[in-house]
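Biologist: Could you take me through the nonpolar core of this model, and then through what lies around it? I would like the cut-offs along the way, please.

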Amino acid sequence: MFDPHSKRMNTVYRYTRHCYDISRKFFLLGRDGLLEELGKQDYKSICEVGCGTGRNLIKLAKMNSSNKLFGLDASDLMLKKAEKRIKKLRLEDQICLYTGLAEEYDFNKQFDILVFSYSLSMVADYKKALNNALEHVSDDGVIYVLDFGNFENFPNLIKKLMYKFLKIFSVYPGKNELFSFLKRNNVFYETRDIAGGYSFITKLTKS
Ligand SMILES: C[S@@+](CC[C@H](N)C(=O)[O-])C[C@H]1O[C@@H](n2cnc3c(N)ncnc32)[C@H](O)[C@@H]1O
């Protein structure tokens, strides 16, 4: 794994991956709501970009056993964790994992749904990652972005502390930049805030 960003992600998760699922439960708000929304939809293939330990993919597989699920992550350490759990649950026929960067990975196919769950704020180049995602979603497909918001309804001190805390983990929230990018590129989107701007969920479609 020679790519500098992948190395950085492995450094971030070298030790924290062991307690990732338990600790992030309290920070990564909105994930189960998003999975429920996905569970209600009739899709055949879904790809999670920055799937980490595979927590979301495993939940999706348990919700519907007939769909094909794919996960991409820059960190092979996180993927090893995911792989182990997927094998233990005998879900390897339903979930395929890939190591690589959101900005450049070529799947050679398109998906019905792509999901960035708290990963877009960690990629080195969010514009490239989104352009690549748009290439990989079918014409009537959907891309979901769930991520940290601007903490707009939080006191200034808390807001500053949150940005500092997230920086330790190489997380750089960029909600406004994302919306400007989507407007400039005529990508249709609907969005809603979660917990007073702590996070947000945006649904992108090509038309
Ligand atoms: C905060 S974790 C979120 C994991 C999972 N999506 C969840 O909701 O629990 C972010 C993940 O994105 C991955 N990531 C960061 N930059 C990436 C990139 N450029 N390409 C692919 N994955 C990336 C990290 O390695 C990490 O596993």
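Modeller: Happily; here is the core, followed by a helix pair, the ligand shell and a few single residues.

A word on the ground rules comes before the tour. This is a predicted model, in which local features need pLDDT of at least 70 and side-chain atom pairs count only at pLDDT 80 or more, while totals for chains, interfaces and linings use all residues. Residue numbers start from 1 along each chain, following the sequence as written.

Let's start with the core itself. A nonpolar core here is a set of buried Ala, Val, Leu, Ile, Met, Phe, Trp, Tyr and Cys residues joined through C-beta atoms within 7 Å. Buried means that 20 or more other C-beta atoms lie within 10 Å of a residue's own; with 12 or fewer it is exposed, in between it is partly exposed, and C-beta atoms are placed from the backbone. The largest such core has 44 residues, and Ile46, Val49 and Leu114 touch the most other members. Strand S4 (residues 111-117) gives the most to this core, namely five residues. Helices (H or I, at least four residues) and strands (E, at least two) are DSSP runs, numbered from the N terminus. As background, nonpolar side chains tend to be buried together in soluble globular proteins.

Two of those hubs deserve a closer look. Ile46 sits in strand S1, and it is buried because 25 other C-beta atoms lie within 10 Å. Contact means that two C-beta atoms, placed from the backbone, lie within 7 Å. Leaving aside neighbours within four places in sequence, Ile46 is in contact with Leu38, Leu60, Asn67, Leu69, Phe111, Asp112, Ile113 and Val115. With neighbours up to four places away again set aside, the contacts of Leu114 are Cys47, Val49, Ala133, His136, Val137 and Ile143. For a sense of scale, the C-alpha atoms of Ile46 and Asn153 are 33 Å apart, with their positions 107 residues apart in sequence.

Now for the helix pair. Two packed helices are described by the angle between their axes and the distance between the axes. Helix H3 (residues 31-39) and helix H4 (residues 55-63) pack at an angle of about 35 degrees, their axes 10 Å apart. These axes are lines fitted to C-alpha atoms, for helices over the stretch in contact, and angles run from 0 to 180 degrees between N-to-C directions. H3 contributes Arg31, Leu35, Leu38 and Gly39 to the contact, and H4 contributes Asn56, Lys59, Leu60 and Met63. By class, these contact residues are four nonpolar, two polar and two charged. In this scheme Ala, Val, Leu, Ile, Met, Phe, Trp, Tyr, Cys and Pro count as nonpolar, Asp, Glu, Lys and Arg as charged, and the others, Gly among them, as polar.

H4 also takes part in the ligand shell: helix H1 (4-13), strand S1 (45-49), H4 and strand S2 (68-73) each supply at least two of its residues. The ligand is surrounded by 26 residues, the closest being Gly50, Gly52, Ala102, Ser117 and Ser119. A residue is near a molecule if its C-beta atom, placed from the backbone, lies within 6 Å of it. The shell divides into 13 nonpolar, seven polar and six charged residues.

A few single residues round out the picture. Phe200 is in strand S7 (residues 199-205) and is buried, with 21 C-beta neighbours inside 10 Å. Beyond four places in sequence, Phe200 touches Asp147, Gly149, Lys175, Thr191, Arg192, Asp193 and Ile194. Arg14, in the loop between H1 and helix H2 (20-24), is exposed, with 11 other C-beta atoms within 10 Å.

Lastly, the backbone. Most residues other than glycine have a negative phi, and most peptide bonds are trans. Asn108 has a positive phi near 60 degrees, and Phe151 one of about 55 degrees. Asn108 lies in the loop between strand S3 (95-99) and S4 and is exposed, with 5 C-beta neighbours inside 10 Å. Phe151 lies in the loop between strand S5 (137-148) and helix H7 (156-168), and is buried because it has 21 C-beta neighbours inside 10 Å.
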